[in-house]
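Please open the model in a viewer and keep the selection panel at hand. The tour below proceeds stop by stop, stating what to select and what is found there.

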Amino acid sequence: MKFINKRLLFALLFITSTTVFAQPKKQKVDGVVAVVGDYVVLDSDIDLDYITLKAQGVDVKNITRCELFGKQLEDKLYAHQAIQDSIVVTDAEVNAYLSEQLDAAVEQIGSMEKVVKYYNKKNEEELRNHFFDAVKMNKLTTQMQKKIVDGVEITPEEVRNFFKGIPADEIPTFGAEMEVAQIVVKPVVSEDEKKRVIDKLKEIKQDVLNGSSFFSKAVLFSEDPGSSSNGGYYKMNRKTAFVKEFKDVAFSLAEGEISEPFETEFGYHIIMVDKIKGQEVELRHILIAPKVSTQAMKDAKAKIDQIRTKIINKEITFADAAKSSSDEKETRNNGGVLLNPRTMEPRFELTKMDPALYAQVSSLKDGEVSLPILDEERGSGKFYKIITVNNRIEEHQADFSRDYLKIKELALRDKQIKEIAKWSEEKIKETYIKISDDYKDCEFTNNWLKK
């Protein structure tokens with residue numbers, strides 16, 4: 001989906017869906033190996049876990065069947081208790097989540113037809129039905145886990161005591177990190193080019209009003225790779241991860257209505273609403289992005305060269321230059337400092353840094369400004385940037401004052417784990433659980449056998 005908000009870290013969403021979209025689920029006849037409340041665990045569920053882990057590249061040779069069985073029991077306990085606690089996962093929520101996952105799969109594979117074929121289904125409806133129960137189960141489990149730990153907070157004193165309680169030979173080592181800042185200069189799209197795109201979209205709209213097929217126009221002209229082959233089709237609700245401008249227009253239209261051209265960070269769009277079903281909208285859209293001229297790229301390069309020269313000559317600091325001149329609104333007010341999308345802190349652990357960013361900064365000394373780098377972002381096109389390293393922190397043993405936030409995260413996680421363990425112990429006692437004789441010799445962390 002080309003026009004999803006970049007800050008939503010859509011790649012991560014796709015990764016977390018792999019347990020749902022890994023392999024078709026198969027059931028063995030008489031393969032029930034456990035009952036937890038209203039849920040059963042099949043022997044084939046454990047087989048599927050192995051297949052899924054292997055598909056994700058995990059080395060499973062040291063993962064026992066008992067460990068995977070224990071994880072299945074935990075998930076079923078969460079889901080069962082979620083129902084008892086009146087946690088509701090509606091069909092609409094499940095379908096919306098499925099839509100997001102399928103959109104991600106389309107972006108990865110190329111089209112909905114290819115996704116359907118990949119999972120050996122007849123059509124999209126059959127694919128959705130196949131994964132519906134698994135998604136609902138996962139969402140119940142997630143919401144129950146969230147409810148257990150939501151109220152868990154940690155005080156500075158608890159963090160201090162947690163750190164003091166770590167044996168000297170077990171104090172964690174944190175990898176080398178760096179703080180990075182950048183200034184971005186994007187080429188300016190001419191007003192004539194913007195007008196050309198807007199006029200083209202108006203022409204398409206008029207053709208459709210005169211009887212042409214919006215589907216065919218989207219296939220021919222739309223530059224959204226996630227939907228153009230499918231006639232620009234998307235199904236969405238207000239929680240679907242589209243940029244605000246797109247959602248605002250989509251939900252302002254009546255059935256059959258076509259919007260005027262409007263702009264998002266990805267270009268200009270028109271939308272036609274096919275159907276409105278409660279809180280869901282089925283629509284088609286066409287995206288055309290204005291083209292950047294060769295001269296505009298040259299001007300952007302000249303501008304970033306000029307900014308870099310002023311920084312090198314100490315006429316302005318990197319941070320002030322970012323605030324006054326960077327075209328990246330997410331970072332300019334913070335002096336160009338990048339936030340780690342995983343931690344939302346201005347530190348990047350080198351071993352976990354995006355390889356492209358690492359290649360751009362690894363050879364820089366602290367305070368050194370890179371030469372202009374030509375970069376490209378999907379949906380936004382090409383641009384120039386310069387990068388500097390504000391601070392470099394070598395690999396070191398955890399220090400309470402320097403690494404307080406990381407230690408706090410560890411301490412909070414430890415407290416949450418203890419809270420979950422306490423909750424599990426209580427719920428296992430009051431929940432009907434039956435374990436097959438085949439698994440009664442397993443050594444479980446939890447008291448599933450109620451000994």
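Begin by selecting V273, which stands opposite L283 in strand 8. The model is predicted, so local features are reported only at pLDDT of at least 70 and side-chain atom pairs only at pLDDT 80 or more, while totals for chains, interfaces and linings use all residues. Residues are numbered from 1 along each chain as its sequence is written, and side-chain values use heavy atoms, with hydrogens and water left out.

**Stop 1: strands 6, 7 and 8**

Extend the selection to strand 7 (residues 267-277) and strand 8 (residues 280-288). Helices (H or I, at least four residues) and strands (E, at least two) are DSSP runs, numbered from the N terminus. Strands 7 and 8 pair in the antiparallel sense over nine bridges; two strands count as paired if DSSP finds at least two bridges between them. Two residues lie between these strands in their hairpin, where G278 takes a positive phi near 60°.

Now add strand 6 (residues 262-264), which is antiparallel to strand 7 and pairs with it over three bridges. A hairpin of two residues connects strand 6 to strand 7. To see one of the bridges, display T264, whose partner in strand 7 is G267.

Which residue forms a salt bridge with R284? Show the side chain of D274: the closest N and O atoms of the pair are 3.2 Å apart. A salt bridge here is a side-chain nitrogen of Lys or Arg within 4 Å of a carboxyl oxygen of Asp or Glu. R284 belongs to strand 8 and D274 to strand 7, 10 residues apart. R284 is buried, at a relative accessible area of 16%, whereas D274 is partly exposed, at 26%. Buried means under 20% relative accessible area, exposed over 50%, and partly exposed in between (1.4 Å probe, protein chains only).

**Stop 2: the annotated spans**

Colour residues 175-275 and 278-373, the two ranges that UniProt lists for "domain: PpiC" in an unreviewed entry. UniProt positions are given in the numbering used here, feature names are shortened, and annotations may be inferred rather than shown by experiment. In the model, residues 175-275 are 34% helix and 25% strand, with end C-alpha atoms 52 Å apart. Residues 278-373 are 40% helix and 12% strand, and their end C-alpha atoms lie 48 Å apart.

**Stop 3: the four-stranded sheet**

Select strands 9, 4, 11 and 10, which form an open sheet in that order with antiparallel pairing. Strand 9 and strand 10 (373-377) stand at the edges with a single partner strand each, so one side of each has no neighbour in the sheet. Strand 4 (residues 177-185) and strand 11 (residues 381-393) run antiparallel and are joined by nine bridges. Within this pairing, E179 has N391 as its bridge partner in strand 11.

**Stop 4: further salt bridges**

How many salt bridges does a search of the whole structure find? The search finds 28. Display D207 and K217, a pair whose closest N and O atoms are 3.2 Å apart. D207 lies in helix 8 (residues 191-209) and K217 in helix 9 (residues 214-221). D207 is partly exposed, with a relative accessible area of 24%; K217 is buried, with 16%.

Next, select R347 and D403, whose side chains meet in a salt bridge (3.5 Å, N to O). The pair links distant parts of the chain, 56 residues apart: R347 is in the loop between helix 13 (329-332) and strand 9 (348-349), and D403 is in the loop between strand 12 (396-397) and helix 15 (404-430). Are these two residues buried or exposed? Both R347 and D403 are buried. Adding E177 and K406 to the selection completes a network of salt bridges with R347 and D403.

**Stop 5: the cavity**

Finally, select D103, M112, N230, Y233 and Y234, which lie nearest the centre of the largest cavity among its 16 lining residues. A cavity is a set of points, on a 1 Å grid over the protein atoms alone, where a 1.4 Å probe fits but cannot get out; lining residues have an atom within 4 Å of a point. The structure holds one cavity of 30 Å³ or more, and the volume of the largest is about 180 Å³. Grid points are joined across faces, edges and corners, and a volume is the space filled by probe spheres set on the points.

Helix 4 (91-109), helix 6 (124-150) and strand 5 (233-236) each give two or more residues to the lining. Helix 4 gives the most, with four residues. The lining divides into six nonpolar, six polar and four charged residues. Here Ala, Val, Leu, Ile, Met, Phe, Trp, Tyr, Cys and Pro count as nonpolar, Asp, Glu, Lys and Arg as charged, and the others, Gly among them, as polar.

Conventions:
On a 1 Å grid over the protein atoms alone, a cavity is a set of points where a 1.4 Å probe fits but cannot get out, and a pocket is an open set with protein on both sides within 12 Å along at least five of seven lines; lining residues have an atom within 4 Å of a point.
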